[in-house]
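Q: I would like a close look at a single part of this model, followed by the context it sits in. Please keep to what can be computed from the atoms.

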Amino acid sequence: MPAKLTLYPSRGASRHFIFREGESPDAGRDPSVPLFFDDPRVSGRHARFEWEGSGWVLRDGRSKNGTLLNGLPATEALLESGDWVSFGGLLARFERVSEDQVSALKKERAARLQTSVELALRLGEEHDPGRLLRRLMESVLEVAGAERGFVLLLSPDGSLRARVASGFSPAGATSDSFDGSFGAIQRVLETGKPVVATDAKTDAYLGSRPSVIEMEIGALACVPLAAEGKVIGLIYVDGRKRGGLFTDLDLETLEALAGHAALVVRGMRIDSQIRELLGGGGALAAGEPGFLHELERRVEEIARG
C-alpha cells in the first residue's frame, strides 16, 4: 500500500505527499529532495523514509532540530499508519493508504478545480455589486469548507470597508481569539500576498501512549483581491476542523476565485451603486451589522499603524 504524509505547518496551507512501496524518499528543505518542506526549522536533508520490504523506517539525517515520532526522539523507527512526526517542529501525519484512496484524492482535486471554474463563471455573470459580493462570500465558504468569513473592499478614499460577512457574532471582532486574524489581515495589506495560518495544537501528546494523540487544527486564510497588480480588497475565512482545514488546494481555489472576482469588481463603473456599496449604504450590507462596524473600526486602526 502507498503512504501519505500530510504536513501541518503553523503558517501556510497543509499539503500531502504520496509515495509508494519500494520508494525511499528523502525529506527536507533542499529543493532537490522528493519531499520538499519549505520551513526554516527543517534541515536540508532532514530525514529519510527507508523502505524495508514491508514498511518504512524513519531515519533522522543528523538534522539540526531533530526528528520526533509521536513525541519521542526518533533516530531510526518503524512507522505505523497514524503516526505523528515532527521535523524540527513541523508536524506531519503518516498514513498507509490504498490505491483507491490515492485515486480518490486525484479525482477530488479535479472536481474541486472544476467547481472553482464554474463558480468563477457565475461570478462573471453578476453585475450588481451587492449580489456579487454575497455570491463571492457564499462561493468562498463552499470551496474552502470554512465556517465563517468576510469580504473587505478598498473604497475610493483608500479606506477598507466591510460590506459582507457570514458566521460571526456581534462581538466576534472584539474577542481576544480574533486578534491573530487582524495580524493576518495586516500582513496581506502590507505584502499583497495570501496568508494561511494553522494553529496546530495537541490535545494529548503522551510520550508513553502515542496511540492516543489527538490533533485539532484551527485555521484561517486571508487572500488579497488584486487586479492589474493593485490590491483592491481581501477575502478572509476561518474555522475549526479536525485533521486540518486549509490545504494547498484550498488556497489555489481561493486565489482563483479572488482573482476572478477582483477583475469583475475592477471592471465595474464607479457609479452610484459602487459608491453606495463602498460608501456606507446599509441596504447592501450582508451579515451582522455590529460585527461589520467593529471590523471596519479595527481595520482602520491597522491601516493607520
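What is the place of N70?

A: The model is predicted. N70 lies in the loop between β7 and β8. Its phi is positive, about 55°, although N70 is not a glycine. As background, most residues other than glycine have a negative phi. N70 counts as buried because its relative accessible area is 8%, and the cut-off for buried is under 20%.

The strands on either side of this loop pair with each other. Strand β7 (residues 67-69) and β8 run antiparallel and are joined by two bridges. In this pairing, L69 has L72 in β8 as its bridge partner.

Both strands belong to an open sheet of six strands, in the order β2-β1-β11-β10-β7-β8, with antiparallel pairing. β8 (72-73) and β2 (15-19) stand at the edges of the sheet; each has a single partner strand, so one side of each is left without a neighbour in the sheet. The loop that holds N70 therefore leads to an edge strand, as N70 lies between β7 and β8.

A second residue with a positive phi makes a useful comparison. R62 is not a glycine either, and its phi is near 55°. R62 is found in the loop between β6 and β7. Its burial is the opposite case: R62 has a relative accessible area of 83% and so counts as exposed, whereas N70 is buried at 8%.

Going back along the chain from R62 leads to β6. Strand β6 (residues 56-60) pairs with strand β5 (residues 47-51) in the antiparallel sense, over five bridges. W51 has W56 in β6 as its bridge partner. The hairpin of β5 and β6 has four residues between the strands, and G53 in this hairpin takes a positive phi near 95°. β6 also runs antiparallel to strand β9 (residues 76-78), to which three bridges join it. There, R59 stands opposite E76 in β9.

W51 and W56 also appear in the aromatic packing. Together with F17, F19, F37, F49, F87 and F94, they form one aromatic cluster. The structure holds ten aromatic pairs. One of them is formed by Y8 and W84, whose rings are 5.6 Å apart centre to centre, with 45° between the planes, a tilted arrangement. This pair links distant parts of the chain, with Y8 in strand β1 (residues 3-8), W84 in strand β10 (residues 84-87) and the two positions 76 residues apart. Both β1 and β10 are strands of the six-stranded sheet that includes β7 and β8. Y8 counts as buried because its relative accessibility is 8%, and W84 counts as buried because its relative accessible area is 7%.

The nonpolar cores come next. The largest has 34 residues, and those with the most contacts inside it are L136, V140, V151, L225, V237, F246 and L254. Two or more residues each come from α1 (99-124), α2 (129-144), β12 (148-154), β15 (214-227), β16 (230-241) and α4 (248-267). Apart from this core lies another, of 23 residues, among them L35, W51, W56 and F94. W51, W56 and F94 are thus listed both in that core and in the aromatic cluster.

Within the largest core, V140 shows how the contacts run. Leaving aside neighbours within four places in sequence, V140 is in contact with I235, V237, L254 and L257. β12, one of the contributing elements, is mostly covered, with five of its seven residues buried. β12 pairs with strand β13 (residues 160-166) over six bridges in the antiparallel sense. L153 has R161 in β13 as its bridge partner.

For the chain overall, the secondary structure comes to six helices and 16 strands. Of the 305 residues in the chain, 48% are buried, N70 being one of the buried residues. Among contacts with a separation of 6 or more, 58% are between residues 24 or more positions apart. The chain exposes about 14600 Å², of which carbon and sulfur atoms supply 48%.

Terms used. Residues are numbered from 1 along each chain as its sequence is written. This is a predicted model: local features need pLDDT of at least 70, side-chain atom pairs count only at pLDDT 80 or more; totals for chains, interfaces and linings use all residues. Side-chain values use heavy atoms; hydrogens and water are left out. Rings of Phe, Tyr and Trp (its six-membered ring) pair if their centres lie within 6.5 Å; planes under 30 degrees apart count as stacked, over 60 as edge-to-face and the rest as tilted. Buried means under 20% relative accessible area, exposed over 50%, partly exposed in between (1.4 Å probe, protein chains only). Contact means heavy atoms within 4.5 Å. Accessible areas come from the Shrake-Rupley method with a 1.4 Å probe; for residues, only the protein chains shown count as cover. Two strands pair if DSSP finds at least two bridges between them. A nonpolar core is a set of buried Ala, Val, Leu, Ile, Met, Phe, Trp, Tyr and Cys residues joined through side-chain atoms within 4.5 Å.
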